Amino acid sequence: MPHSQTSAPRGRVRLARGASPWLLPTVATAAISLTRARRSGRWAGVAVPATALAAGMLWFFRDPEREITQGRVISPADGVVQSIMPWKDGRTRVAIFMSPLNVHVNRAPLAGTVTSVEHIPGGFVPAFNKESENNERVVWHFDTELGDIEMVQIAGAVARRIVPYVPQGTKVEQGERIGLIRFGSRVDVYLPEGVDAAVEVGQTTIAGVTRLDRD
């Protein structure tokens, strides 16, 4: 399946889908307070933090274009590899921790068909905490050339909303944008039996760019 996103201009940055509920109020508040601050110095105390917050939101919800890496399994998230754990069924779970400073848009680790998108309610403890196993999450399953691939988006202490971009039954390209986790969080990918991880704990990953599997 072709990687259509490789033709996107390098360096181009857009805003993530699903960011509007956070962006619009903060940008509107900043614009209004800046306008009024020109007429009254009393508004300067509001304009400065409001503008800083709006700038922070624009940074948090950036969605840069990526040149997608060729490989069997690529990282769905920007972040740091938190753990690499063998599973009882022979799979290997690669957990990637996303800080509030990372890009929050997640991408498809392989090309295939989305066979399941399941929202599971839960808690909101920090994503680096062991108890985050019971956090709010969205479980994805993809039918790929490697068989069924599972990916899990996990909410954290701040990230309390996961926004899927594509529904069940959608055919996706490798590296295609499939969802957003607002602010810090975690994304797990389960490598199938016989596929070894090419990354190490503590390694930085880039969604659509870092390869997770080893030849």
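Tutor: Two strands pair if DSSP finds at least two bridges between them; strands (E, at least two residues) and helices (H or I, at least four) are DSSP runs, numbered from the N terminus. This is a predicted model, in which local features need pLDDT of at least 70, side-chain atom pairs count only at pLDDT 80 or more, and totals for chains, interfaces and linings use all residues. Residues are numbered from 1 along each chain as its sequence is written, and side-chain values use heavy atoms, with hydrogens and water left out.

Student: In which order do the 3 strands of the open sheet lie?

Tutor: Strand E5 (residues 105-107) is joined to E11 by 3 bridges. Strand E9 (residues 162-164) also pairs with E11 over 3 bridges. Both pairings are antiparallel, and the order is E5-E11-E9.

Student: Which are the edge strands of that sheet?

Tutor: An edge strand here pairs on one side only. That holds for E5 and E9.

Student: What does the twist average from one strand to the next?

Tutor: Axes are lines fitted to C-alpha atoms (for helices over the stretch in contact), and angles run from 0 to 180 degrees between N-to-C directions. From one strand to the next, the average is 25°.

Student: Which residue of E11 is the bridge partner of Asn 106?

Tutor: On the E5 side, Arg 107 has Arg 177 as its partner in E11. On the E9 side, Ile 162 is matched with Ile 181 of E11. For Asn 106, the partner is Gly 179.

Student: How many residues of E11 are buried?

Tutor: Buried means under 20% relative accessible area, exposed over 50%, and partly exposed in between (1.4 Å probe, protein chains only). Strand E11 covers residues 177-181 and is mostly covered. The buried count is 5 of 5.

Student: Which residues of E12 are buried on the side opposite Ser 185, Val 187, Val 189 and Leu 191?

Tutor: Strand E12 (residues 185-191) has 7 of its 7 residues buried. Both of its faces are covered, with Ser 185, Val 187, Val 189 and Leu 191 on one side. The other side holds Arg 186, Asp 188 and Tyr 190.

Student: Which residue stands opposite Arg 186 in E12?

Tutor: Strand E4 (residues 92-98) runs antiparallel to E12 with 7 bridges, and Arg 93 stands opposite Tyr 190. Strand E8 (residues 147-155) is joined to E12 by 6 bridges, also antiparallel. Opposite Arg 186 stands Ile 154.
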